[in-house]
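Visitor: I am new to this structure and would like to understand how its descriptions are justified. Could you take me through the reasoning step by step?

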Amino acid sequence: MLTLKCAACRQKLWKYRKYGQGELLRCHKDRITKVFSYETDGDKVCCRCGQVVGIDKGLFIKMVHKGFTAKGTKINT
Ligand SMILES: [Zn+2]
């Protein structure tokens, strides 16, 4: 499980079940297991400090690489 944090203020955003060891480019919404805090502005997904962390694409969030940090374990497939 990965815990995603805002790169600007370190606020926890959500926990995510990441399959495979690759870079986190997308977060599929059905694999977000716990939400701590985030806000939306149109299709932008933001931290409450205003940092944009991703773009809502419907079934998944396309992550903005410099907007977040992720710590934890990825699941081998
Ligand atoms: Zn923030």
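Visitor: What pattern does the protein chain follow when read along the sequence?

Guide: This is a predicted model, and in it the protein chain follows the pattern β-β-β-β-β-β-β-β-β along the sequence, with 0 helices and 9 strands.

Visitor: What makes the arrangement around the zinc ion tetrahedral?

Guide: Four donors count as tetrahedral if all angles lie between 85 and 135 degrees; the 4 donor atoms here subtend angles of 103 to 115°, and therefore the arrangement is called tetrahedral. The donors are the SG atoms of C6, C9, C47 and C49, which coordinate the zinc ion at 2.3 Å, and along the chain they follow the spacing C-x2-C-x37-C-x1-C.

Visitor: Why is C6 called buried?

Guide: Buried means under 20% relative accessible area, and C6 has a value of 0%, so the word buried applies to C6.

Visitor: And why is C9 called partly exposed?

Guide: Partly exposed covers what lies between under 20% for buried and over 50% for exposed; because C9 has a relative accessible area of 38%, C9 is partly exposed. For the protein chain as a whole, buried residues make up 31% of the 77 residues.

Visitor: How do you know that strands β1 and β2 pair?

Guide: Two strands pair if at least two bridges are found between them, and β1 (residues 2–6) and β2 (residues 12–16) are joined in the antiparallel sense over 4 bridges, so the pairing criterion is met. One of the residues involved is K5, whose bridge partner in β2 is K12. These strands belong to an open sheet of 4 strands in the order β4-β2-β1-β9, with antiparallel pairing.

Visitor: What makes β4 and β9 edge strands?

Guide: Each of them, β4 (32–35) and β9 (68–72), pairs on one side only, and the twist in this sheet averages 25° from one strand to the next.

Visitor: In what order do the 5 strands of the other open sheet lie?

Guide: Their order is β3-β8-β7-β6-β5, again with antiparallel pairing, and the edge strands are β3 (26–28) and β5 (39–41). Strand β3 is joined by 3 bridges to strand β8 (residues 60–63), where I61 is the bridge partner of C27.

Visitor: How do you know that the radius of gyration agrees with that of a compact globule?

Guide: For 77 residues a compact globule would have a radius of gyration near 11 Å, and the protein chain has 11 Å, so the two agree. Along its principal axes, the C-alpha trace spans about 35 × 25 × 20 Å.

How values were computed
Residues numbered from 1 in each chain as written. Predicted model: local features only at pLDDT ≥ 70, side-chain atom pairs only at ≥ 80, totals over all residues. Heavy atoms only, no water. Helix = DSSP H or I, 4+ residues; strand = E, 2+ residues; numbered from the N terminus. Axes fitted to C-alpha atoms, helices over the stretch in contact; angles between N-to-C directions. Donors = N, O, S within 2.8 Å, 3.2 Å for Na, K, Ca; no water. Tetrahedral: all angles 85-135°; square planar, octahedral: opposite > 155°, others 65-115°. Buried < 20%, exposed > 50% of the residue type's maximum accessible area, 1.4 Å probe, protein only. Rg over C-alpha atoms; globule rule 2.2 N^0.38 Å.
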